[in-house]
Structure formats: structure tokens, C-alpha cells
Amino acid sequence: LSTWKDRRMKWDSNDWKTDTLNVKSYGRLWVPDINSDKHQTSAQSGEYVQYQNILAKNNGNLTARLEYKIQAHCQIDYTNFPDDRKYCCFTLKSLIYPHYIKYFLSRGERAAQVLEICLAVQRKSMTLRIELTIPMVVSSLLVVIAPFFGTLKDQINVKLFAILIQLLSFTNLASKTPQVGFGSTIPNIYLFYVFTLATTVISLLITLIISAMSRIHRKLPPAHRYTLLASVLNTNLCCGNEVGTVIATDGTSTKDNQNDWLQIHIAINNLISFIIMVAYCFGIVIILCQ
């Protein structure tokens with residue numbers, strides 16, 4: 001609400017039988033000259049300042065509701081995109097009577113010739129966040145549980161499929177970003193995408209290397225303690241067994257040396273997959289806590 005005093009609006013309530021007067025149009029009424037600091041370009045941008053519900057009292061006091069449409073300079077924080085925050089500020093001042101029109105806030109601060117108004121606005125788009133998050137969550141889940149799909153070949157195929165989902169999700173995310181970009185801010189959802197994709201690629205490369213090493217024919221058998229450790233690890237994890245591989249719980253090999261080496265490589269892959277899963281969960285917690 002805006003309040004000002006006009007001595008020309010005084011009248012005797014005994015003569016006019018009323019103490020207040022509702023003014024529907026302020027075309028012939030003096031109103032404070034209040035505009036934004038961009039008044040010269042306001043007509044081109046569609047800005048306006050007008051008064052509504054003007055109430056005049058017999059003592060010369062007038063009260064009105066000030067409506068305005070003003071373009072503000074905004075600083076956008078894209079950290080939590082798509083739930084980004086905007087900090088917008090604009091000023092109101094008098095261009096004709098800059099020394100006579102002053103602003104008084106309701107809490108009793110001293111008068112000011114320029115009124116600066118700042119707003120903090122946050123967008124809430126749960127549907128867009130779900131659309132951008134669900135595919136990456138599914139793909140990351142595939143990477144985490146890849147050892148449970150069985151052979152190393154199956155794990156490689158699952159991780160390749162996860163990378164395909166992530167690339168498609170990245171394309172969808174790029175289409176949702178602002179045309180001017182994010183400036184110097186890196187949104188958390190981009191960190192989540194990049195971290196998930198990097199983790200998947202690293203996991204895929206490790207599985208490929210272990211799969212290639214497991215196909216190398218070796219004449220010498222591995223150390224017995226390594227065979228025993230691999231057998232216990234693979235038996236307890238119950239994942240990542242190759243077709244035709246028989247795991248002996250007593251640490252002995254039921255086939256040739258190649259089978260023992262294969263069990264060791266499978267155990268290494270399972271152990272590294274577990275480490276990657278822990279590191280990935282820890283990294284996601286850090287990203288979400290930023």
C-alpha cells in the first residue's frame with residue numbers, strides 16, 4: 001500500500017456526509033510520481049506503474065494499492081537445477097519530485113528517496129526432476145548389481161547398456177538446459193550425471209581388462225592361498241561365476257590351472273565391483289550434501 005497527503009482533498013464531513021471517498025480512476029487525481037530506474041525504456045518493455053483501490057479521507061490522506069510490472073535484474077543460482085533460485089532486485093524512485101517523495105517502511109526505518117526491492121524466488125519442478133533423475137538412477141543400479149548377472153561377458157553387456165541409457169539421459173538433460181547455459185555454476189544434477197558416467201566407464205574398463213586377462217593361458221598354477229581365497233570369496237558372494245566353472249570349497253581345483261586362474265580373476269572383479277559400489281555411494285552422498 002502507498003500513502004500520501006494532498007491538502008486539496010480535504011473536506012468537511014458535515015457538508016459532504018462522509019469521511020471517506022473511493023476513487024475509481026486517478027486520471028484527474030495527483031498521485032506520486034513513482035517509476036523504476038529504467039523508466040525511459042519501460043514503454044518498450046511493457047512496464048507500467050498504476051494505482052488501484054484509491055481511498056481518500058477528509059483529512060487529506062490518500063491510500064492506494066500500487067501495482068507495477070517492472071523488469072528486474074536477476075542473478076540465477078543453478079546449483080539445484082531444475083529447482084533453481086533467482087535473486088531479483090529493482091528500484092522505485094520519483095523522476096519529477098526526487099527530493100519530495102520519500103519512502104517510509106512500516107517498521108520505522110528512516111526515509112529514503114530510492115526504494116530497492118529484492119525478491120528471492122525458487123522454482124519447484126518435481127516432474128522435471130523425476131524425468132531427469134530416474135533414467136540415471138536405473139542405469140547406476142545396473143552398474144552396481146552387474147556382478148550378479150553372472151559371467152564377465154554378461155557384466156560387460158549390462159554396463160554397455162547402462163552407458164547407452166546414460167548417454168540418452170545426457171542428451172535429454174542438454175535439451176532442458178537454458179540456452180545461455182549455466183555460467184560459472186555447475187548444477188548438482190550435472191555432477192551426478194558425470195560422476196555416474198565416469199564410474200560406469202571405469203567399471204567397464206576394469207571388467208574388460210580382467211576378462212582379457214582371464215583368457216590368457218598359463219602353464220603354472222596359482223598359489224594355493226590365492227585359489228582358496230578366491231573360492232571362499234566367490235562362494236560367499238554368489239555372483240560372477242563363469243559357465244563351466246566349478247568352485248571347490250576346499251581350495252582345490254577340479255579342472256586345470258586355467259580354471260583356477262579364472263576363479264581368481266572373477267574374485268578380483270567381484271572385489272573391485274564392491275569397492276566401486278562403495279565409492280559411488282559415498283560420492284553420491286557428497287554431491288547431494290552440497
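This report describes a four-stranded sheet and the disulfides of a predicted model, and closes with two further cysteines.

**The sheet**

Four strands make up an open sheet in the order β1-β5-β4-β2, and their pairing is antiparallel. The edges of this sheet are taken by β1, which covers residues 2–10, and β2, which covers residues 20–23; each of them has a single partner strand, so one side of each is left without a neighbour in the sheet. On average, and with direction ignored, neighbouring strands of the sheet are turned by 30 degrees against each other. In general, strands of a sheet pair through backbone hydrogen bonds, in either a parallel or an antiparallel manner.

Within the sheet, strand β4 (residues 48–57) runs antiparallel to strand β5 (residues 59–69), and the two are joined by seven bridges. Among the residues concerned is Y48, whose bridge partner in β5 is K69.

**The disulfides**

With a cut-off of 2.5 Å between cysteine sulfur atoms, the count comes to two disulfides. When the bonded cysteines of the protein are numbered in sequence order, the pairing reads 1-2, 3-4.

One disulfide is formed by C74 and C88, with sulfur atoms 2.0 Å apart. Because C74 lies in strand β6 (residues 73–77) and C88 in strand β7 (residues 85–93), this pair ties together parts that are 14 residues apart in sequence. The torsion about the S-S bond of C74 and C88 is about 110 degrees, so this disulfide is right-handed.

A disulfide also joins C89 to C118, with an S to S distance of 2.1 Å. This pair links distant parts of the chain, since C89 belongs to strand β7 and C118 to strand β8 (residues 114–122), 29 residues apart. About the S-S bond of C89 and C118 the torsion is about 115 degrees, and the disulfide is therefore right-handed.

**Accessibility of the cysteines**

A residue counts as buried under 20% relative accessible area and as exposed over 50%, with partly exposed in between. The table applies these classes to the bonded cysteines and to C281 and C289.

| Cysteine | Relative accessible area | Class |
|---|---|---|
| C74 | 30% | partly exposed |
| C88 | 13% | buried |
| C89 | 28% | partly exposed |
| C118 | 46% | partly exposed |
| C281 | 44% | partly exposed |
| C289 | 63% | exposed |

In the disulfide of C74 and C88, C88 is buried because its 13% falls under the 20% cut-off, whereas C74 is partly exposed at 30%. In the disulfide of C89 and C118, C89 is partly exposed at 28%, and C118 is partly exposed at 46%.

Definitions and conventions: Residues numbered from 1 in each chain as written. Predicted model: local features only at pLDDT ≥ 70, side-chain atom pairs only at ≥ 80, totals over all residues. Heavy atoms only, no water. Pairing = 2+ DSSP bridges. Axes fitted to C-alpha atoms, helices over the stretch in contact; angles between N-to-C directions. Buried < 20%, exposed > 50% of the residue type's maximum accessible area, 1.4 Å probe, protein only.
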